[in-house]
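This briefing goes through one chain by topic. The sequence and the model come first, followed by notes on the pocket, the cores, one helix and several single residues.

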Amino acid sequence: MDWMLKDLAESVPQTRHVVVLSSDGLRMAQYGTDTDTADRLAAACAGLQSLAGAVATEFPHGDGRMRMVVIEMGGGFFYLMAAGARAYLAVLADEGVDAGLMGQRMRDLVARIGGHLSTPPRNGEQGA
């Protein structure tokens with residue numbers, strides 16, 4: 001999966017970090033960042049996707065699922081996209097990023113490998 005994350009980062013100028021995470025905040029893959037930063041981003045993303053999912057349930061004719069969150073902040077943008085069952089793709093990019101191109105490239109990546117990004121649900125019996 002590393003080469004696909006690298007392809008996303010290199011095809012969109014101003015991309016800083018790319019992280020794939022499970023819904024419970026565990027880093028599954030990364031590109032352009034160290035492990036500690038990727039772990040912190042994954043943990044923060046778990047809370048954000050949960051919050052976004054709660055907001056999504058307020059739409060009476062929606063399906064209650066979070067598809068994409070974009071946050072603009074001083075210095076850049078944060079993107080979080082659902083990428084399969086219980087898996088997410090997160091990207092941090094500098095403020096000069098082409099937001100439309102980023103969204104398109106993220107959707108393309110998810111479409112190509114979405115099934116591979118899914119994580120099985122955890123249950124307490126697996127560790128026994």
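A pocket here is an open set of grid points with protein on both sides within 12 Å along at least five of seven lines, and a lining residue has an atom within 4 Å of such a point. The model is predicted. Its chain has 128 residues, of which 41% count as buried.

**Pocket**

- The lining of the largest pocket is made up of Gln49, Gly53, Gly64, Arg65, Met66, Arg67, Ala82, Gly84, Arg86, Ala87 and Tyr88.
- Helix 2 (35-56) and strand 5 (87-94) are the elements that contribute two or more residues to this lining.
- The volume of the largest pocket is about 180 Å³.
- By residue class, the lining of the largest pocket holds 4 nonpolar, 4 polar and 3 charged residues.
- Arg86, one of the lining residues, sits in the loop between strand 4 and strand 5.
- The phi angle of Arg86 is near 65°, a positive value in a residue other than glycine.
- Most residues other than glycine have a negative phi.
- With a relative accessible area of 36%, Arg86 is partly exposed, because the partly exposed class runs between 20% and 50%.

**Overall fold**

- The chain contains 3 helices and 5 strands.
- Read from the N terminus, the order of elements is α-β-β-α-β-β-β-α.
- Among contacts with a separation of 6 or more, 47% join residues 24 or more positions apart.

**Nonpolar cores**

- The largest nonpolar core has 21 residues, and the members that touch the most others are Leu8, Tyr79, Leu89, Met102 and Met106.
- Two or more residues of this core come from each of helix 1 (2-11), strand 1 (15-22), strand 4 (76-82), strand 5 and helix 3 (99-117).
- The most is given by helix 3, with 5 residues.
- Met102 is in contact with Leu8, Val12, Thr15, Tyr79, Val91, Ala93 and Val97, leaving aside neighbours within four places in sequence.
- Another core, of 14 residues, lies apart from the largest one and includes Val19, Ala38, Ala42 and Leu80.

**Helix 2**

- Helix 2 has 22 residues, which at 1.5 Å a residue should span 32 Å; the end C-alpha atoms are 31 Å apart, in agreement with that value.
- Its buried residues are Thr37, Ala38, Leu41, Ala42, Cys45, Ala46, Gln49, Ala52, Gly53 and Ala56.
- An α-helix has 3.6 residues a turn, so residues three or four places apart point the same way.
- The buried residues of helix 2 pack against strand 1, strand 2, strand 3 (68-73), strand 4 and strand 5.
- Two of these buried residues, Gln49 and Gly53, also line the largest pocket.
- Ala38 and Ala42, buried in helix 2, are among the members of the 14-residue core.
- Ala46 is part of helix 2 and has a relative accessible area of 14%, so Ala46 is buried.
- Beyond residues up to four places away in sequence, Ala46 touches Leu21, Ser23, Asp24 and Gly25.
- The C-alpha atoms of Ala46 and Ser23 are 5.6 Å apart, with their positions 23 residues apart in sequence.

**Loop residues**

- Thr33 is in the loop between strand 2 (27-31) and helix 2.
- The relative accessibility of Thr33 is 15%, so Thr33 counts as buried.
- Thr33 is in contact with His17, Val19 and Ala38, when neighbours within four places in sequence are left aside.
- Val19 and Ala38, among the contacts of Thr33, are members of the 14-residue core.
- Gly75 occupies the loop between strand 3 and strand 4 and is partly exposed, at a relative accessible area of 42%.
- Not counting residues up to four places away in sequence, Gly75 touches Ala93, Asp94 and Glu95.
- Gly75 and Asp94 are 19 residues apart along the chain, and their C-alpha atoms are separated by 6.0 Å.
- Gln14 is located in the loop between helix 1 and strand 1.
- Gln14 has a phi near 85°, a positive value in a residue other than glycine.
- Gln14 counts as partly exposed, at 37% relative accessibility.

Conventions: Residues are numbered from 1 along each chain as its sequence is written. This is a predicted model: local features need pLDDT of at least 70, side-chain atom pairs count only at pLDDT 80 or more; totals for chains, interfaces and linings use all residues. Side-chain values use heavy atoms; hydrogens and water are left out. On a 1 Å grid over the protein atoms alone, a cavity is a set of points where a 1.4 Å probe fits but cannot get out, and a pocket is an open set with protein on both sides within 12 Å along at least five of seven lines; lining residues have an atom within 4 Å of a point. Grid points are joined across faces, edges and corners, and a volume is the space filled by probe spheres set on the points. Helices (H or I, at least four residues) and strands (E, at least two) are DSSP runs, numbered from the N terminus. Ala, Val, Leu, Ile, Met, Phe, Trp, Tyr, Cys and Pro count as nonpolar, Asp, Glu, Lys and Arg as charged, and the others, Gly among them, as polar. Buried means under 20% relative accessible area, exposed over 50%, partly exposed in between (1.4 Å probe, protein chains only). Contact means heavy atoms within 4.5 Å. A nonpolar core is a set of buried Ala, Val, Leu, Ile, Met, Phe, Trp, Tyr and Cys residues joined through side-chain atoms within 4.5 Å. The expected span of a helix is 1.5 Å times one less than its number of residues.
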